[in-house]
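Colleague: Hi, could you walk me through this structure? I'd like to start with any pocket and then go on to the strands.

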Amino acid sequence: MQPIPVLEKRRLQAQVIKPIWEELVARLGRAQARDILDAAIRKAAIEEGRALAAASPGGDTGMPAFIRLYDDWKTGGALETTVLRADSDAFDFDVTRCRYAEMYREMGLEDIGDLLSCNRDGTFVQGYNPEIAMDRQHTIMQGHGRCTFRYRITRSPDGDAEAGQDGTVAPR
């Protein structure tokens, strides 16, 4: 059986989440609804990362394996990117067109598109490989002309990952 492209998977998830989101907003207000959805999506992203790490051939979750895995998010033209660096220590690229953002806008979910997709990018790696951290200053969902992805293998002097709680690392 052919796996579902990630863009289609996110569309199906959004169709289920939309009425739940609307009900949460009606009962709890926008801020609390966002907090709940944010926490739930982040947990799901970490679990998805763990599942893909467990399925990785030979348990390889290094940066080259992550780079190959990232191709899944681009399937079917879902993302148009410009790769700036791709090696064993870093994966830097800009997204110049994001069909995820376009899809959420078409579905009337532009207010939570960042929660449904963007927030997954930094938290996914917590489950996949906690030594990979992401820094992103801009996203198309926030109205910028591009998304800036900067993934790094990050270790402290004692070998522990330096990533923040959300999987991101602050620029130095």
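Modeller: Bear in mind that this is a predicted model; in it, the largest pocket holds about 270 Å³ of space.

Colleague: Which residues line the largest pocket?

Modeller: The lining is made up of Pro 3, Ile 4, Pro 5, Val 6, Lys 9, Glu 48, Leu 52, Leu 69, Asp 72, Trp 73 and Thr 75. The elements that give two or more residues to this lining are helix H1 (6-28), H2 and H3.

Colleague: And which one gives the most to the lining?

Modeller: That is H3, which contributes 3 residues. Sorted by class, the lining of the largest pocket has 7 nonpolar residues, 1 polar residue and 3 charged residues.

Colleague: OK, on to the strands. Why is strand E2 described as largely enclosed by the rest of the structure?

Modeller: Strand E2 covers residues 90-98, and 7 of its 9 residues are buried, so the rest of the structure largely encloses it.

Colleague: Which strands pair with E2?

Modeller: Strand E1 (residues 79-86) pairs with E2 in the antiparallel sense over 7 bridges, and the two form a hairpin with 3 residues between them. Within this pairing, Glu 80 stands opposite Arg 97 in E2. E2 is also joined by 6 bridges to strand E4 (residues 147-153), again running antiparallel, and here Val 95 stands opposite Cys 147 in E4.

Colleague: Changing topic, where is Arg 136?

Modeller: Arg 136 is found in the loop between strand E3 (132-135) and E4.

Colleague: What does the side chain of Arg 136 reach?

Modeller: The side chain of Arg 136 reaches the backbone oxygen of Cys 118 at 2.8 Å, and it makes a polar contact with the side chain of Asp 121 at 2.6 Å. Leaving aside residues up to four places away in sequence, Arg 136 touches Cys 118, Asn 119, Asp 121, Cys 147, Thr 148 and Phe 149.

Colleague: One last residue, Thr 61: is it buried or exposed?

Modeller: Thr 61 has a relative accessible area of 16%, and because buried means under 20%, it counts as buried. Thr 61 is found in the loop between helix H2 (30-54) and helix H3 (63-74).

Colleague: What does Thr 61 touch there?

Modeller: Not counting residues up to four places away in sequence, Thr 61 touches Ala 53, Ser 56, Tyr 128, Asn 129 and Ile 132. Although Thr 61 and Asn 129 are 68 residues apart along the chain, their C-alpha atoms are separated by 6.0 Å.

How values were computed
Residues are numbered from 1 along each chain as its sequence is written. This is a predicted model: local features need pLDDT of at least 70, side-chain atom pairs count only at pLDDT 80 or more; totals for chains, interfaces and linings use all residues. Side-chain values use heavy atoms; hydrogens and water are left out. Buried means under 20% relative accessible area, exposed over 50%, partly exposed in between (1.4 Å probe, protein chains only). Helices (H or I, at least four residues) and strands (E, at least two) are DSSP runs, numbered from the N terminus. Two strands pair if DSSP finds at least two bridges between them. A polar contact is a pair of N or O atoms within 3.5 Å; within protein, one must be able to donate a hydrogen and the other to accept it, and residues adjacent in sequence count only if both atoms are side-chain atoms. Contact means heavy atoms within 4.5 Å. On a 1 Å grid over the protein atoms alone, a cavity is a set of points where a 1.4 Å probe fits but cannot get out, and a pocket is an open set with protein on both sides within 12 Å along at least five of seven lines; lining residues have an atom within 4 Å of a point. Grid points are joined across faces, edges and corners, and a volume is the space filled by probe spheres set on the points. Ala, Val, Leu, Ile, Met, Phe, Trp, Tyr, Cys and Pro count as nonpolar, Asp, Glu, Lys and Arg as charged, and the others, Gly among them, as polar.
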